[in-house]
Structures are given as C-alpha cells and as structure tokens.
Amino acid sequence: MLLQTNEKQFAFWKMRRNGVPNITIAHSLGISRQAVSRALQLMDGKIESTLREMAHANQIEPESINTERGVLLGRSIPFQAPAIIFVSEKHGIQVWYEHDGDCGSCTRYTGCIELLWDYATELGIKIEKTADPTKMAEELFAKVKAIV
C-alpha cells in the first residue's frame, strides 16, 4: 500500500503527531472537530495497514505499533535483530534494523545521516551530532522506543 503524504488527512495526522490538538486543527482550518477526528481515524487505519504490510514484506514480527507516531517496533525473523518501521514525511516508509554498521566504508553514509536528522526533526527529538550514523540511530531509536 502506498501512503500518500500529500493528502489532507496526512496533513492533519502530521499536525497531531506534532502535538496539535484536534480542536486546534479544526479551528485553524475552519472545519468541525468531528471532521478532523474522522480524517484522523481514516489516516490511522492507513498508517497501521501500511506499517503491517511493510512488516510482513520484510519478515518482521510486530511487537508494538503506535499509529499516532507512525512507528512499528518488531523483530526481524531472518536477521534475528530488532527492527523499526516508521513513517517519515520526507523519506516515506522506512525500515531500519539494529546492527553494527561499517559506516565509514558504506556508500549510503550521507543518506543515512540525512534520514536520521530529518526523522529526528520531524518528531521533535534532539540527538547528538556525530559522524557515526550507527550511534545516531541507536540514540534516535532509543528515544523513539521510549515514546512508543
């Protein structure tokens, strides 16, 4: 399932993820609180379905899901490692496995750092600035797990 991040429902969901109450969303857009609630219920369903489909496709056994934050925590069956699936406005649906990477020799080094910084910013989480994406990921996902 493709999660459309340009939908109005997704905009409501992002606002709620950032801590904006439904009533404030409704007032700012000139719509009813009930309309916002219905849109968020639909979006939560889409997010849960998408997270579960990604878990299934990547052979990850779900342990917990938080649709308001757009996060699924689980365990990779083939890799025998903790995994996290998350919704990023900028990067879409992402799957991350806990591992000790050799980041210095990886071609995705810069991309990983960008993804981690962007996702931390989307969630309003502060992480240490470091040149090691593995350490950044450990810190970020420990903080994500604490709020899920």
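Which residue just after α3 takes a positive phi? In this predicted model, glutamine 59 does so, with a value of about 55°.

**The sheet and its helices**

Four strands form an open sheet in the order β1-β2-β3-β4, and their pairing is antiparallel. The edge positions belong to β1 (60–66) and β4 (92–97); each has a single partner strand, so one side of each is left without a neighbour in the sheet. On average, and with direction ignored, neighbouring strands of this sheet are turned by 20° against each other. Between β1 and strand β2 (residues 71–76), the antiparallel pairing extends over six bridges.

Helix α4 (residues 109–123) lies across three strands, namely β2, β3 (81–88) and β4, and runs at about 65° to β3.

Helix α3 (residues 33–57) contains 25 residues. From its first C-alpha to its last, α3 reaches 36 Å, close to the 36 Å expected at 1.5 Å a residue. Buried residues of α3 include Val36, Leu40, Met43, Ile47 and Leu51, and also Asp44 and Thr50. The cover over the buried residues of α3 includes helices α1 (8–17) and α2 (22–29), together with β1, β2, β3 and β4.

**Salt bridges**

The count of salt bridges comes to nine. Three of them are set out below with the distance between the closest N and O atoms or from N to O.

| Basic residue | Acidic residue | N to O distance |
|---|---|---|
| Lysine 14 | Glutamate 89 | 2.7 Å |
| Arginine 52 | Glutamate 48 | 3.0 Å |
| Lysine 90 | Aspartate 118 | 3.2 Å |

Lysine 14 forms its salt bridge with glutamate 89. Because lysine 14 lies in helix α1 and glutamate 89 in the loop between β3 and β4, the pair ties together parts that are 75 residues apart in sequence. Glutamate 89 is partly exposed, its relative accessible area being 38%.

The salt bridge of glutamate 48 and arginine 52 is set within one helix: both residues lie in α3, four residues apart, about one turn of the helix. In an α-helix there are 3.6 residues a turn, so residues three or four places apart point the same way. Glutamate 48 counts as partly exposed at 30% relative accessibility, and arginine 52 is likewise partly exposed, with a relative accessible area of 42%.

Lysine 90 forms a salt bridge with aspartate 118. Lysine 90 lies in the loop between β3 and β4 and aspartate 118 in helix α4, so this pair ties together parts that are 28 residues apart in sequence. Lysine 90 is exposed, with a relative accessible area of 53%, whereas aspartate 118 counts as buried at 18% relative accessibility. Through salt bridges that share partners, Lys90, Glu114 and Asp118 are joined into one network.

**Asparagine 66**

Asparagine 66 lies in strand β1 and has valine 71, in β2, as its bridge partner. With a relative accessibility of 18%, asparagine 66 counts as buried, because the cut-off for that class is under 20%. When residues up to four places away in sequence are not counted, asparagine 66 touches Val71, Ile147 and Val148. A polar atom of the asparagine 66 side chain lies 2.8 Å from the backbone nitrogen of arginine 69. Lysine 135, which is 69 residues apart from asparagine 66 in sequence, is 24 Å apart from it in space, C-alpha to C-alpha.

Definitions and conventions. Residues are numbered from 1 along each chain as its sequence is written. This is a predicted model: local features need pLDDT of at least 70, side-chain atom pairs count only at pLDDT 80 or more; totals for chains, interfaces and linings use all residues. Side-chain values use heavy atoms; hydrogens and water are left out. Two strands pair if DSSP finds at least two bridges between them. Helices (H or I, at least four residues) and strands (E, at least two) are DSSP runs, numbered from the N terminus. Axes are lines fitted to C-alpha atoms, for helices over the stretch in contact, and angles run from 0 to 180 degrees between N-to-C directions. Contact means heavy atoms within 4.5 Å. The expected span of a helix is 1.5 Å times one less than its number of residues. Buried means under 20% relative accessible area, exposed over 50%, partly exposed in between (1.4 Å probe, protein chains only). A salt bridge is a side-chain nitrogen of Lys or Arg within 4 Å of a carboxyl oxygen of Asp or Glu. A polar contact is a pair of N or O atoms within 3.5 Å; within protein, one must be able to donate a hydrogen and the other to accept it, and residues adjacent in sequence count only if both atoms are side-chain atoms.
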